[in-house]
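Okay, thanks everyone for making it. I'd like to walk you through one model today, piece by piece, so have it open while I talk.

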Amino acid sequence: MQSIPERLKISPFLVFFTISSMQIGIGILGFQRVIAKSAGYDAWISVILAGIGAHLSLAMMYSILQKANGSIVEANQQLFGKWIGNILSILLVLYYTGMVVAVLRTYIEVIQVWMFPDLETWVFATSFMLLTIYIVSGGFRVVVGVCFFSIILPSYLILTFFYTFEYANFRMLLPIFDHSIFSILKAAKDMTLTILGFETLLVYYPFIKNVEQSKKWAHFSVFSTTIIYAVIAVITFAYFSEKQLQKHIWATLSMWKIVEMPFIERFEYLGIANWTIIILPNVCLAAWCSSRIVKQVANIRQKYVLVAIAAICVTSACLLKNRNSIELLNDVLGSIGFYFLYGFIPLTFIWSHILHKVRKKA
Amino acid sequence: MFRGFRRDKTPNQRKEQRPARTTWELLRILGQSMDFETQVLKNPHSQQHFWISYILPLIDFEIVQKNILSYLLYSPIQTLKDIEQAIPVEDVIVTSNVTIIEEKLHEGYVLIQLNEWANEGVLIKAQRNVIRNISIPEVEFSVVGPKEAFIESLETNLHLVRKRIPSNRLTIKMLKVGSLSKTSIAVLYIEGIADEENVNTVMQRISDIEFDEVIDSSYIEQIISDNHNSPFPQLLDTERPDRVASILAEGKIAVIVDGSPHALIVPTTLVEFFSSFEDYFLNWYIASFFRLIRLFSVAFSILITPIYVAALNYHYEMIPRDLLGTLVTSRREIPLPPILEALFLELTIELLREAGARLPTKVGQTIGIVGGIVIGTASVEAGLTSNVLLILVALAALASFTTPVYKMGNTIRLMRFPFLLFAELWGLLGVVFCFCFLMGHLLRLTSLGRPFLEPIYPLRIADLKDALIRLPFSKQARRPKQLRPEQPIRFSAKKANKKKDIDE
């Protein structure tokens with residue numbers, strides 16, 4: 001394994017920003033309706049359950065990577081042999097690329113529905129991917145910088161949720177545990193797409209300076225995003241009635257409509273524009289991850305891979321023409337993510353554990 | 001064809017570059033220029049002849065007459081060694097090295113030979129220094145604090161810094177750059193505080209420069225900066241010796257170029273461009289307040305016209321009804337779309353600024369006032385621009401002048417235009433998109449290999465004490481971490497922060 005020079009590595013506390021900025025993406029604009037579909041207004045419990053699941057999965061990832069002492073590519077090679085390992089890694093490339101497409105296309109859809117109905121998908125997708133290429137070619141340090149600012153700069157948006165308190169009715173959450181365990185778990189599964197993102201850790205793990213210290217930041221990060229999601233879910237549930245909520249695909253944006261200041265109204269426009277900064281690290285880090293895996297597996301220069309991936313993303317974003325196809329992509333990606341986090345990772349974890357023990361004995 | 005090309009070039013090169021092999025040959029080449037003179041004198045005591053050669057505009061004739069000729073003619077001199085001992089000038093060199101002779105003659109030395117054909121001669125320093133007096137800083141003016149500014153002489157500039165740091169650890173390294181100009185460049189740092197690696201990088205980059213005529217420190221700045229294609233200055237320039245002394249004490253490095261009244265400071269960060277040196281002369285509350293005002297005014301200056309264009313083009317529903325009334329009234333008569341209106345006014349302001357900068361001060365002021373009032377009012381009355389936009393553009397221009405560093409002010413004014421175009425294209429979304437590009441660019445920038453956005457990213461909380469706000473001196477006990485200083489502690493923080501009890 002080629003070791004990463006110290007100057008390219010990031011401080012452990014920055015893992016907080018890489019993880020939370022990846023988790024907070026396009027999902028937060030409309031996850032409330034999806035989870036309320038099966039669990040009703042008990043769905044906030046599902047958010048917390050999904051968070052706990054994420055914590056477990058994250059801990060297992062750390063264990064796998066620490067045993068492999070490298071990224072997921074090395075771990076796959078060590079655990080499954082060169083061929084199968086590399087095939088698994090290539091599947092991961094597809095997964096991360098799919099993530100880029102899903103985030104980008106969903107965001108473009110939001111813009112088309114809320115702001116500019118005439119916006120051509122390819123124009124915005126191309127510009128956005130050019131921006132991504134520019135940032136990613138600056139290296140991992142720059143990508144992490146984007147993650148950092150995407151948390152710091154738009155953090156003021158949290159304050160705007162207080163405007164809904166005037167119209168909120170928290171009694172709507174009662175009675176608690178009105179739904180079966182099964183439907184609450186189903187909602188937790190639906191939550192996967194929204195909390196996805198921290199699995200990029202698998203690729204950038206070797207770039208972290210002090211791994212042991214970064215663990216607590218990573219968990220703290222997952223914890224805080226879970227809290228933010230739960231709070232937003234509760235606020236939304238208190239603001240909308242259950243039937244009304246089902247009519248709002250992007251409930252968060254709908255809530256912004258009531259924000260009113262002496263110099264600004266219809267806050268959702270500012271919110272959507274601001275969301276560019278929030279989805280930028282999603283796209284950049286995922287694009288960085290997929291191009292990095294290809295570089296490691298196939299030994300091609302990352303620059304060329306990055307351009308190729310960007311081209312693929314633009315093309316596939318343009319091919320997704322309507323709401324149904326976008327929803328399909330998001331659903332597929334959500335279930336792949338679900339099985340990845342709670343199937344592949346635990347199995348690999350057990351396998352790496354066994355293999356480690358056996359090798360130690362031998 | 002290739003061969004022919006080469007053959008053509010060789011004789012030409014030989015003619016230009018073949019150095020003189022003997023002193024006599026050198027003097028003959030120099031003699032082709034009319035300002036080169038050789039005199040033959042005779043010492044009445046020893047009957048010895050002297051050949052004195054010099055380049056007339058470079059030497060001070062008073063020194064020659066008082067300190068050289070009087071001793072040459074009236075003391076019993078036989079050999080070159082005698083001259084060296086007899087003459088009371090600090091810099092006397094006996095040499096037969098033609099390159100040294102050539103170099104020194106161009107620095108204002110006088111060459112004395114005992115024989116016209118001899119290679120050996122004595123070089124005596126008789127430099128003429130035409131320098132202006134030290135004046136008050138004009139670009140980085142401060143109301144309180146020292147009022148000295150650098151001038152065009154390297155020696156004077158070094159004196160101004162040296163007298164502020166009377167320490168044997170202040171190290172000055174000299175380099176010569178420029179195949180024609182042979183400009184002296186001094187690299188200043190404090191041994192034991194500045195990071196060795198930074199010093200080496202600066203020395204390496206300066207000595208790698210290949211350029212013919214280095215006129216000013218800004219040439220050096222552009223050549224050694226990390227990214228040549230960035231509108232952002234990556235080295236801080238200053239004309240204040242007090243600022244140089246203070247950054248040296250922090251562990252930074254200063255570069256002073258002969259003939260330039262501006263010193264360069266490396267490595268630097270973005271926030272430093274928004275801190276005026278006067279901040280340190282004021283109480284920390286006030287200094288921090290002004291820094292925040294400057295930060296706000298930069299954001300305002302870049303974003304306000306793009307937001308105006310975006311809001312009026314696409315998002316008028318975002319403007320509350322009462323405010324919309326005002327806007328509509330002011331724009332009712334305007335035939336132009338917001339972007340043209342904004343571009344028209346922005347370009348007018350740029351014209352006024354450029355005209356004001358190029359003209360003599362007195363005329364420039366008139367242009368500013370006449371242009372500002374007359375053109376502004378007239379264009380509103382003619383129905384070309386709206387009142388509101390006129391106010392916004394004027395405020396934005398004013399805000400851009402609050403940046404203490406001139407070069408950064410220019411960058412900020414330039415940055416408004418891409419934002420305007422993106423605002424026209426995609427409204428607020430475009431503004432944010434353009435901001436993302438700016439953010440990516442700033443994240444990629446480095447100054448001497450150190451991140452440009454430090455201490456914001458990579459976040460170093462300890463360094464934030466002197467970034468967006470300035471904490472009191474008692475909290476500034478450590479040097480900035482970004483510089484990796486060899487001695488991070490400036491003074492004992494414990495003593496400075498000691499709390500006194502009542503009546504103690």
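I'll go from the interface to a couple of helices in chain A, and then into chain B.

One thing up front: this is a predicted model, so please keep that in mind throughout.

Let's begin where the two chains meet. Chain A puts 25 residues into contact with 18 residues of chain B. Which helices of chain A supply at least two residues each to that side? Those are helix H6, residues 121-136, helix H7, residues 140-152, and helix H14, residues 268-298. Of these, H14(A) gives the largest share, with seven residues. As for what kind of residues they are, the chain A side breaks down into 17 nonpolar, six polar and two charged.

Staying in chain A, have a look at helix H16, residues 323-361. There are 39 residues in H16(A), and from first C-alpha to last it reaches 55 Å, close to the 57 Å you'd expect at 1.5 Å a residue. Where does H16(A) bend? At A:Phe340, by about 35°.

Now, the buried residues of H16(A). On one side of that bend in the numbering we have A:Leu333, A:Ile336 and A:Gly337, and on the other A:Leu341, A:Ile345, A:Thr348 and A:Ser352, and these are buried. What covers them includes helix H3 (43-68), helix H4 (72-80), helix H5 (82-114) and helix H9 (192-195), again from chain A.

Let me pick out H3(A) from that list. With 26 residues at 1.5 Å each step, H3(A) should span 38 Å, and its end C-alpha atoms sit 37 Å apart, so that agrees. Just past the end of H3(A), you'll find A:Asn69 with a positive phi of about 55°.

Over to chain B. The domain assignment splits chain B into domain 1 (2-125), domain 2 (154-268), domain 3 (280-451) and domain 4 (461-496). Take the pair at the end of that list: the C-alpha centres of domain 3 and domain 4 of chain B are 35 Å apart. Their contact takes seven residues from domain 3 of chain B and six residues from domain 4 of chain B. On the domain 3 side, helix H10 of chain B, residues 284-313, gives the most, with six residues. By class, that side of domain 3 of chain B has four nonpolar, one polar and two charged residues.

Next, a single residue: B:Leu420, which you'll find in helix H15 of chain B, residues 406-444. Is B:Leu420 buried or exposed? Buried, because there are 24 other C-beta atoms within 10 Å, and the cut-off for buried is 20 or more. Leaving out residues up to four places away in sequence, B:Leu420 touches B:Thr305, B:Pro306, B:Val309, B:Ile339, B:Ala342 and B:Leu343. Compare B:Gly372: that residue is 48 residues from B:Leu420 in sequence and 22 Å from it in space, C-alpha to C-alpha.

Last stop, the strands of chain B. Strand S1 (residues 36-42) and S2 of chain B run antiparallel, joined by seven bridges, and B:Gln39 stands opposite B:Ile52 in S2(B). The hairpin of S1(B) and S2(B) has six residues between the strands, and B:Gln47 takes a positive phi near 60° there.

S2(B), residues 49-55, is also joined to S4(B), by three bridges, and that pair runs antiparallel too. Here B:Ile52 pairs with B:Ile112, and B:Ser53 has B:Leu111 as its bridge partner. On from S4(B), four bridges join it to strand S5 of chain B, residues 121-125, antiparallel, with B:Leu111 opposite B:Leu123.

How many residues of S4(B) are buried? Five of its five. Both faces are covered: B:Tyr109, B:Leu111 and B:Gln113 on one side, B:Val110 and B:Ile112 on the other.

And then there's B:Gly108, in the loop between helix H5 (98-105) and S4 of chain B. B:Gly108 counts as partly exposed, because it has 18 C-beta neighbours inside 10 Å. Its contacts, not counting residues up to four places away in sequence, are B:Leu58, B:Ile59, B:Ala126, B:Gln127 and B:Arg128. And B:Leu56, 52 residues away along the chain from B:Gly108, is 8.4 Å from it between C-alpha atoms.

That's my tour, so over to you for questions.

Definitions and conventions:
Residues numbered from 1 in each chain as written. Chains lettered and ligands numbered in written order. Predicted model: local features only at pLDDT ≥ 70, side-chain atom pairs only at ≥ 80, totals over all residues. Domains from an automatic or database assignment. Contact = placed C-beta atoms within 7 Å. Nonpolar A, V, L, I, M, F, W, Y, C, P; charged D, E, K, R; others polar. Buried ≥ 20, exposed ≤ 12 C-beta atoms within 10 Å, placed from the backbone. Pairing = 2+ DSSP bridges. Expected span 1.5 Å × (residues − 1). Bend = angle between axes of the 7 residues up to and from the residue.
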